[in-house]
Amino acid sequence: VEADVLSRRCVMMRLVDFSYERYQKALRQSAGAVVIILPRSISSVPQDVVRQFMEIEPEMLAMETIVPVYFAVEDEELLSIYEQTRAASASQGSASAAEVLLHTATANGFQMVTSGAQSKAINDWLIPSVEGRLTGLGGEDLPTVVIVAHYDSFGVAPWLSHGADSNGSGISVLLELARLFSRLYTYRRTHAGYNLLFFASGGGKFNYQGTKRWLEDNLDHTDSSLLQDNVAFVLCLDTLGRGNSLHLHVSKPPKEGTLQHAFLRELEMVVASQFPEVKFSMVHKKINLAEDMLAWEHERFAIRRLPAFTISHLESHRDSLRNSIMDRRARIDTKALTRNTRIIAEALTRVIYNLTDKGAPADLQIFTDQMQIQQEQLESVMDWLSSQPRAAQLIDKDSTFLNTLEYYMGRYLKDVKQHHVKADKRDPEFVFYDQLKQVMNAYRVKPAIFDLLLAVCIAAYLGVAYVAVQHFGLLYKMIQRLSLKTKQQ
């Protein structure tokens, strides 16, 4: 990437070399392709470099370019190619033209070739979601608390989008809450009078398409569902894997006397009494229907007039962490994830069982001993989630990931089933393409000037040989003449 002329060349740059100016330079010079080499461990990269790339990612996604851009994880062979090409580029600045010519002729070059076909739109792709429930104890008209988290990830390269914090952490908390409340709902004396509906939504990174269609099917196309009856509130979980802050994002501040206001107060009380190191606040942002993309998942429910909010350690929905291939497992603080899970579980339990009105002290720790939050389990779930790319373009209804998620939810919840979203053919909300992962072969080649110099050398050799033969012939004739004269004398 340091070379002066990049036209028609495959430009290679490591993450530590990357800058938006260099990237733009390669595009302006119509490079043959750009290969960005990512480190195997993101934790080994300085945080300022990671943050810089994360801030540039949205601009890379929004920019249309005819130059193909590839991302590859470094290995020994790839680094060897990178070092050799960098050395060849550095030699261009030598003082002597002869040195440059000699180095150019003797250096090894690489021809980069991809064998993939042209990308095509996939017309029948489905976005799957998974739902399950715990039925409350009592009559049929019980209020329902809905707990939601989207499972898909997003970034500039789908196959490298692991989405550890956004939103692997949200799914981890959802599954742990399902495990905890399934135990409480097993025994009659701890069986609450609330239905709990768990929803792992797909297409969250595509304007929450899974949630949108799920709401349409439950509110518009059916006569009876838990969403139609009596929804107490909807709790959306998003980016909960690090930091010492928690923010409750709302589209409309909850009114006093409502259950959602009670949940807000319980969150504040649990944080203040048990986790004073955590900064908690409510962030109010109205829904902007003029924008193409919604800010948070709870806005999908708020549009349908269901009380909803999102809890996250991020203060703004515009944080670059939410849509980055840099969102890896190493960035997750498991202790913070465990603490946040406990805060949510404690506050939710106090609301469902009305513990504050019953006189329970603010510092009462509910999930202790055998009912404690299992940090090891959260770590295992996070390891599983962040070990695989979860871009929506890669997950269909038969994927191993989705089947495992459905099985895991089925261990603790009832009526677990998939819900599918298919794009409208007349006016599609999303279009996915194939060929998201390709093999690039690097062929070691000599430069064109090497062939030229080789041809010159061969021509010179043949010329010398021809002259030598000619001279040898003349010399041979002269010797013959001298020999003939000697005999005659």
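What covers the buried residues of helix 2? Keep that in mind as you open the model, which is predicted.

**Stop 1: helix 2.** Select residues 47-62. This is helix 2, with 16 residues. Its end C-alpha atoms lie 24 Å apart. At 1.5 Å a residue the expected span is 22 Å, so the two values agree.

**Stop 2: the kink.** Now pick I56 in helix 2. A kink of about 30 degrees sits there. Step on to P58: this proline comes shortly after the kink.

**Stop 3: the buried residues.** Show the side chains of V49, V50, F53, M54, I56, E57 and M60. These are the buried residues of helix 2. I56, the site of the kink, is on that list, and so is the glutamate E57.

**Stop 4: the cover.** Add helix 1 (20-28), strand 2 (33-38) and strand 3 (69-73). They are among the elements that cover the buried residues of helix 2.

**Stop 5: helix 13.** Jump to residues 448-488, which form helix 13. Select V456 in this helix. V456 has a relative accessible area of 47%, so it counts as partly exposed: the exposed class needs over 50%. For a distance check, add G32. V456 and G32 are 424 residues apart along the chain, and their C-alpha atoms are separated by 29 Å.

**Stop 6: the surface patch.** Stay on helix 13 and select L462. Its relative accessible area is 51%, so L462 is exposed. Then add L454, I458 and Y461. Together with L462 they make a nonpolar surface patch of about 420 Å².

Note on methods: Residues are numbered from 1 along each chain as its sequence is written. This is a predicted model: local features need pLDDT of at least 70, side-chain atom pairs count only at pLDDT 80 or more; totals for chains, interfaces and linings use all residues. Side-chain values use heavy atoms; hydrogens and water are left out. Patches are made of residues with over 30% relative accessible area and no salt bridge: like charges are joined within 9 Å, nonpolar side chains (Val, Leu, Ile, Met, Phe, Trp, Tyr) within 5 Å. Accessible areas come from the Shrake-Rupley method with a 1.4 Å probe; for residues, only the protein chains shown count as cover. A salt bridge is a side-chain nitrogen of Lys or Arg within 4 Å of a carboxyl oxygen of Asp or Glu. Helices (H or I, at least four residues) and strands (E, at least two) are DSSP runs, numbered from the N terminus. Buried means under 20% relative accessible area, exposed over 50%, partly exposed in between (1.4 Å probe, protein chains only). The expected span of a helix is 1.5 Å times one less than its number of residues. The bend at a residue is the angle between axes fitted to the seven residues ending there and the seven starting there. Contact means heavy atoms within 4.5 Å.
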